[in-house]
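Reader: I am new to this structure. Please take a close look at one part of it, the contacts between side chains, and explain them step by step.

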Amino acid sequence: GQSYTDRHEHNDRLRKATRILVEKLIPAFAEEFSKKSVEELQRIHVSEELHRNGINVRHVGLVRSLIKGKDTSADQARRTLLVTMCERTLKNVLRREMRMELARHENTQPSDHESRAMVVDFLNLVTRAHQTDQTHNFWGTELPFELKLRFGPKALSIEEQHNLFGAVRHDIVSIVK
């Protein structure tokens, strides 16, 4: 096993690397990302771009919080990152729901019909096909909570926390595809 000194040195290196990531790499990436044209941002694969720059996707919320400009490019950059966060979070919420459904069936598999119905119900919830207390709670409480949990407390603005669906409604088709 590692000695105390090895662990201490490893932890020191890890803290330094994290400091460089948070204080230099992520702010530099946010600045460059915010300068991309709207057309570039519409074609970009955010996770590939982040990884190419040595940044894990879990830092998207921090990247997004550092984009401060009010111009069209900065607005589109924030929107692109919000869409990415929603896509990833919704995918994980659906997977969690599917695992829970499997666990409820214990020794049997849910039928294809049950599985499809669950996905359809989830997509109806996400697209707000039906205005119910459940959809209101999902978009008003559950999803903002999941986004902040996954991407950090700075991932959403106050306005987005209070009207997340409004912030992404024009992108809902790309989010669920």
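Author: A helix here is a DSSP run of H or I with at least four residues, and helices are numbered from the N terminus. Helix α5, residues 72-104, holds both E101 and R104, which lie three residues apart, about one turn of the helix. The model is predicted. In it, the side chains of E101 and R104 meet in a salt bridge with an N to O distance of 2.7 Å. R104 counts as exposed, at 51% relative accessibility, because exposed means over 50%.

The E101 and R104 contact belongs to a wider group, since the count of salt bridges comes to nine. Another of them joins the side chains of R52 and E49, at 3.2 Å from N to O. R52 and E49 are also three residues apart, in helix α3 (residues 46-52), so about one helical turn separates them. The two ends of this bridge sit in unlike surroundings: R52 is exposed, with a relative accessible area of 59%, whereas E49 counts as buried at 15% relative accessibility. The bridge does not stand alone, for K36, E49 and R52 are linked in a network of salt bridges. A further salt bridge has E31 and K35 as its partners, at 3.2 Å from N to O. E31 is partly exposed, at 44% relative accessibility, while K35 is exposed, with a relative accessible area of 53%.

Rings make contacts as well. A search of the whole structure finds four aromatic pairs. One of these is F122 with F138, an edge-to-face pair with 6.2 Å between centres and 80 degrees between planes. F122 lies in helix α6 (residues 112-127) and F138 in helix α7 (residues 133-151), so the pair ties together parts that are 16 residues apart in sequence. F122 is buried, with a relative accessible area of 9%, and F138 is buried too, at 3%.

W139 and F165 form another edge-to-face pair, with centres 4.9 Å apart and planes at 80 degrees. W139 lies in helix α7 and F165 in helix α9 (residues 164-168), so this pair ties together parts that are 26 residues apart in sequence. Both W139 and F165 are buried. Ring pairs link F122, F138, W139 and F165 into a cluster. A charge also meets one of these rings: the charged end of R128 sits over the ring of F165, 4.3 Å from its centre.

Methods
Residues are numbered from 1 along each chain as its sequence is written. This is a predicted model: local features need pLDDT of at least 70, side-chain atom pairs count only at pLDDT 80 or more; totals for chains, interfaces and linings use all residues. Side-chain values use heavy atoms; hydrogens and water are left out. Rings of Phe, Tyr and Trp (its six-membered ring) pair if their centres lie within 6.5 Å; planes under 30 degrees apart count as stacked, over 60 as edge-to-face and the rest as tilted. Helices (H or I, at least four residues) and strands (E, at least two) are DSSP runs, numbered from the N terminus. Buried means under 20% relative accessible area, exposed over 50%, partly exposed in between (1.4 Å probe, protein chains only). A charge sits over a ring if NZ of Lys or CZ of Arg is within 6 Å of the ring centre and within 35 degrees of the ring normal. A salt bridge is a side-chain nitrogen of Lys or Arg within 4 Å of a carboxyl oxygen of Asp or Glu.
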